[in-house]
Amino acid sequence: MRLPGSFRQTLANFALPIAFAWVAVASFHALYAPVDPTVFAPKAHSFGAIRMRLKLPGTWGGIDEPILICGKPGKASLVYIKLFYHAKAKVGIEFWGFRAFESPEFDLPAQDAQIELACSIPALYPAAGDPEWQAMSAAAETHLLRNYIIAVDGVVRLSGQVDYGQDPHMPVYLGVNPLGGSFVSNEFTGKILSASQKH
């Protein structure tokens, strides 16, 4: 079937330039836009504490919002933040099937502040004795595999010992909770601006 001349003219003058512009913009965005930090898959030989830059939502509700989730359904470590009125918050961690720990309430710079959160939990490290530890001492390995630390803007807000074994290199999710659990909600209502993992 042959298209009418006026339709072909409209297609050439209007629709095709828009389609080309859309493809160009999409390609540029794919090349230069920041990577979505919620898709945080550790490389085969990566391990260590995770540091994140968060933009708080400016709202509050006392809900346990996910910051870092590591593991699988039924066996996961779920780090969360709970925001309160007058720029206050708590951080916590749930070890699924074991128990949860929560910090005392602390002040934030502002309700919608940008904060830096650093998290070291056993699930972010190799198994004991694994060659990936390289030259680290056995005592240091044991300490990292049996302790959790959550710091906000360089201040440790929650830390302690835990005996909760997880396989190394499990999936890690930032700002979302696709696994479930007892009480941590589905998503962080602010933004995760950046994330990095350091040995």
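Colleague: Which strand does β5 pair with, and in what sense?
Modeller: In this predicted model, β5 (residues 88-95) pairs with β6 (residues 99-102), antiparallel, over four bridges.

Colleague: Which residue is the bridge partner of I93 in β6?
Modeller: That's F101.

Colleague: And how many residues sit between the strands in that hairpin?
Modeller: Three residues lie between β5 and β6, and G97 in this hairpin takes a positive phi near 85 degrees.

Colleague: OK, on to the five-stranded sheet. What's the strand order?
Modeller: Going across, the order is β10-β9-β8-β2-β12, with antiparallel pairing, and the sheet is open. The two edge strands are β10 (155-161) and β12 (191-198), each of which pairs on one side only.

Colleague: How many degrees are neighbouring strands turned against each other?
Modeller: On average 15 degrees, ignoring direction.

Colleague: Remind me, what holds strands of a sheet together when they pair?
Modeller: Backbone hydrogen bonds, and the pairing can be either parallel or antiparallel.

Colleague: Back to β12, then. How many bridges does β2 make with β12?
Modeller: Seven, in the antiparallel sense, with β2 covering residues 49-55. One pair to look up there is M52, which stands opposite A195 in β12.

Colleague: Changing topic: how many disulfides does a search of the whole structure find?
Modeller: Zero.

Colleague: Why no bond for C70?
Modeller: Because the closest cysteine sulfur, in C119, is 9.3 Å from the sulfur of C70, too far for a bond. A disulfide here would need the two sulfur atoms within 2.5 Å. Looked at from C119, the closest cysteine sulfur is the one in C70, again at 9.3 Å.

Colleague: Is C70 buried or exposed?
Modeller: C70 is buried, at 0% relative accessibility.

Colleague: And C119, buried or exposed?
Modeller: C119 counts as buried too, with a relative accessible area of 1%.

Colleague: Last topic, pockets. What volume does the largest pocket have?
Modeller: About 240 Å³. The largest pocket is lined by 16 residues, and the closest to its centre are P122, A128, L145, Y164 and G165.

Colleague: How does the lining of the largest pocket split by class?
Modeller: Ten residues of the lining are nonpolar, three are polar and three are charged.

Colleague: Where would G165 and Y164 fall in those classes?
Modeller: Gly counts as polar in this scheme, while Tyr goes with the nonpolar group. So G165 is polar and Y164 nonpolar, both among the residues closest to the centre of the largest pocket.

Note on methods. Residues numbered from 1 in each chain as written. Predicted model: local features only at pLDDT ≥ 70, side-chain atom pairs only at ≥ 80, totals over all residues. Heavy atoms only, no water. 1 Å grid on protein atoms, 1.4 Å probe; cavity = no way out; pocket = protein on both sides within 12 Å on 5 of 7 lines; lining within 4 Å. Points joined across faces, edges and corners; volume = space filled by probe spheres on them. Pairing = 2+ DSSP bridges. Axes fitted to C-alpha atoms, helices over the stretch in contact; angles between N-to-C directions. Buried < 20%, exposed > 50% of the residue type's maximum accessible area, 1.4 Å probe, protein only.
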